[in-house]
Amino acid sequence: MSATILPLRPTARAPLPSLAAAEEAPGPLRMLEQAGLGIALIQQRRITSCNQYFAELYGFDEPAQVLGSFTRDLYANADDFNALGAMSYPVMAEGRPFKIELPQRRRNGQTFWARLTGTLLDPADAARGSVWIIDDIDARKSAEATLASVREQHHLILDNVLVGVCFLRERTVTQCNRAFEQLLGWEPGELSGRSSREWYGSDAEWQAAGQRCYAPFRQGGAFEGEMVLRHRDGHAIECEIRAKALDAAQPELGSIWITLDITARKAAERALRETQADLERQVQERTEALNRLAHYDVLTGLPNRALLEERAQQALAAARRQGQPLAVVFLDLDHFKTVNDGLGHRVGDAVLRELAERLRGVVRAQDTVSRLGGDEFVLLLPQTDAAGAAELASKVLAAAQVPFHVEAHELTVTPSIGIALAPRDGADLDALQRAADTAMYRAKAEGRNTWRFYTAELQAQSDRTLLLSNALRRAIERNQLSLAYQPQMDLASGRIVGAEALLRWQHADFGNVSPAEFIPIAESTGLILPIGEWVLRETARQLAAWDREGLPPLTVAVNVSSVQFRQADLPALVRRVLDGAGLGMDRLEVELTEGAAMQDPQAAIAIMNTLYENGTELAIDDFGTGYSSLASLKNFPVGKLKIDRSFVRDIGRGVCDRAIVEAIIRMAASLGMRTVAEGVETEEQLAFLRERGCNAMQGYLLARPLPAADFARFVRERTVPP
Ligand code: C2E
Ligand code: MG
Ligand code: MG
């Protein structure tokens, strides 16, 4: 049997092909068999021929069981069968194949989906029959059904989730949900096919976002982060975004973007943060206010007793550690009750407030002025000794002296002040305050508007200081000052090369007062300026007189206090004085202590440089007792170091001190400086100094400081006539 049935081209009146023996059928039929297609020839609505697959498809073992059956049985119901007949014949009659998908029924009643393709053998003669190819599409149909339901669910999910979901491919929307559209202000479907550029503010933003988000895709990862997107109307939307390539291996196939509007959340977070900060501020303000209440006096704003105690504890501990003195000053106003009673509390309060201001004005930064209540004040003065406390007390008295203007009144109040010093008068604030209080009562008892120390000895000192400073004011005009000259000898030549001028004060009542006692008083009262100038003039006058008497031209060293040294016009003064006496600038040498140079190094260097340029030599006095190192002296135009007499004194005593003196001499020499040893009293000291290369000496061994006439005689005796 020839199998010309396929292609199913009608062959006019050709013998009917038999499909029963498909195994033996040539190519095309076999191919159909292998492709899993059933094929049957239908005539008069009966199956007249079919292949094995067809028979199996409908639940039979072999074609023979099917042949002759009525095709109606192949359909799930009569309606389908009738409808098929009505639809297919007109199509097939035109010579076209008819295709349809319909449920079919197996022998056991089970249905399955099939695609039917029918063709008339002869379009002109339907009676010749039709050929039907049956494709079992049940698996595909059920897969499709599943897919459809998945799709439906997927849409349901997409459209009902509150997050925006968007699928992009090449940064163009392939699909997105309603939430996403709404988020960005678009109508349903509008975003489809649009570029993601739509929801960025600028090209730059878009590109930056692309770089940020797509980078993780290339590594197979997902992007998670916060970004600012733009609503269609331009306003910014803060979003949290999660994005992922649909296929990590092929990111170009597209990506899914889940977008959550967090603008509200962000705003809430910000608000929360602000509220928190606000709360913290309020708590802090309240704490500060409470702290103020707990530590400060409401009327004057000064520290109260509690804060004073805290500070005293710290200050006393520091004073103990550093071995520094500390003063506690108790202040009480004299007859303050009369102000309060006579003019009212308002006036009294105003006076106290103003006094508090003035007290604050006279103390240093490290001091504490506190009000205990009423008209009682306590001052805590770290690093303050008796002299410093007395000085402060006198400043307080002066500050109180200025009349107080309150409302229409002009008032004067006077304080009585008691001073106690740690550690001698007490180790803690209580003890010190008691002592200061006692001293304050003594001040009241002894006339008010004054101060008293707790310790009798300090009181005596203080009294003497006051008396001395008053007396010192008149010392110049009363010709009580004079200069003594202590010779200086060059150690290499043994010649007298100069002298140090040392101030002497002879007072009718006090007798000879040591400069060690009155110079500090002169410094604290400012009297050192006129006195220092007097010393310069007197020295110059004496030098000129000696020149006239034919004494060899000596250089005299003058001590200059740090107070004088702070005067910028010192070099000009020195020059004026020497010029006035007709002397060269090198006839005077300025001695100053390390402290004077170190206090304000910049200003000191400027003054030193001017003196040096003028031709006046500079010497550092008492070298080794201050804090400066030789290295720091390098910066100063200093030609001489005077080795302090405490080192010289110890030369005979210990190896260690010898080593120090030796080191000073050697290092000074290496810096190009000369050395003068002070206070040389023994031959042993002299021998050591000479041997170690010290340049000059001064001391009792050679001569005491001498009155001018004695000094001239001394020089003449020592100078071998040429
Ligand atoms: P200073 O400048 O170190 O003066 C040296 C002091 O040592 C002088 O004491 C002197 O009499 C003393 N002295 C000299 N040789 C010996 C000795 O071999 N052994 C002992 N133990 N002492 C000796 P003075 O005259 O009492 O002067 C004391 C300090 O007063 C001076 O120390 C200086 O700092 C200051 N001074 C003296 N006159 C003036 C002055 O006119 N102006 C300034 N601002 N201060 C002066
Ligand atoms: Mg000196
Ligand atoms: Mg000295």
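A polar contact is a pair of N or O atoms within 3.5 Å. By this criterion, Glu 678 contacts ligand 1 in the predicted model: an N or O atom in the side chain of Glu 678 is 3.0 Å from an oxygen atom of the ligand. The side chain of Asp 621 is also in contact, with an N or O atom 2.8 Å from a ligand oxygen. For Arg 504, the corresponding separation is 2.9 Å. The protein covers 83% of the accessible area of ligand 1, which amounts to 790 Å² for the ligand on its own.

Ligand 1 takes up the space of the largest pocket. Three elements each give two or more residues to the shell around it: β19 (496-507), α15 (515-525) and β23 (617-623). The largest share, four residues, comes from β19. In total, 21 residues surround ligand 1. The closest are Gln 486, Asp 621, Arg 645, Glu 681 and Tyr 700.

Asp 621 and Glu 678 also serve the magnesium ion (ligand 3). Its protein donors are OD atoms of Asp 621 and Asp 622, together with two OE entries from Glu 678. These donors lie 1.9 to 2.7 Å from the ion. Along the chain, their spacing is D-D-x55-E. A further magnesium ion (ligand 2) is 4.0 Å from ligand 3, and Asp 621 coordinates both.

The two neighbouring aspartates fall into separate accessibility classes. Asp 621 has a relative accessible area of 8% and is therefore buried, the limit being under 20%. Asp 622, at 23%, counts as partly exposed.

Key. Residues are numbered from 1 along each chain as its sequence is written. Chains are lettered from A and ligands numbered from 1 in the order in which they are written. This is a predicted model: local features need pLDDT of at least 70, side-chain atom pairs count only at pLDDT 80 or more; totals for chains, interfaces and linings use all residues. Side-chain values use heavy atoms; hydrogens and water are left out. Donors are N, O and S atoms within 2.8 Å of the metal (3.2 Å for Na, K and Ca); water is not among the atoms, so sites may look incomplete. Buried means under 20% relative accessible area, exposed over 50%, partly exposed in between (1.4 Å probe, protein chains only). A residue is near a molecule or strand if one of its heavy atoms lies within 4 Å of it. A polar contact is a pair of N or O atoms within 3.5 Å; within protein, one must be able to donate a hydrogen and the other to accept it, and residues adjacent in sequence count only if both atoms are side-chain atoms. Accessible areas come from the Shrake-Rupley method with a 1.4 Å probe; for residues, only the protein chains shown count as cover. On a 1 Å grid over the protein atoms alone, a cavity is a set of points where a 1.4 Å probe fits but cannot get out, and a pocket is an open set with protein on both sides within 12 Å along at least five of seven lines; lining residues have an atom within 4 Å of a point. A molecule sits in a cavity or pocket if more than half of its atoms lie within 2 Å of its grid points.
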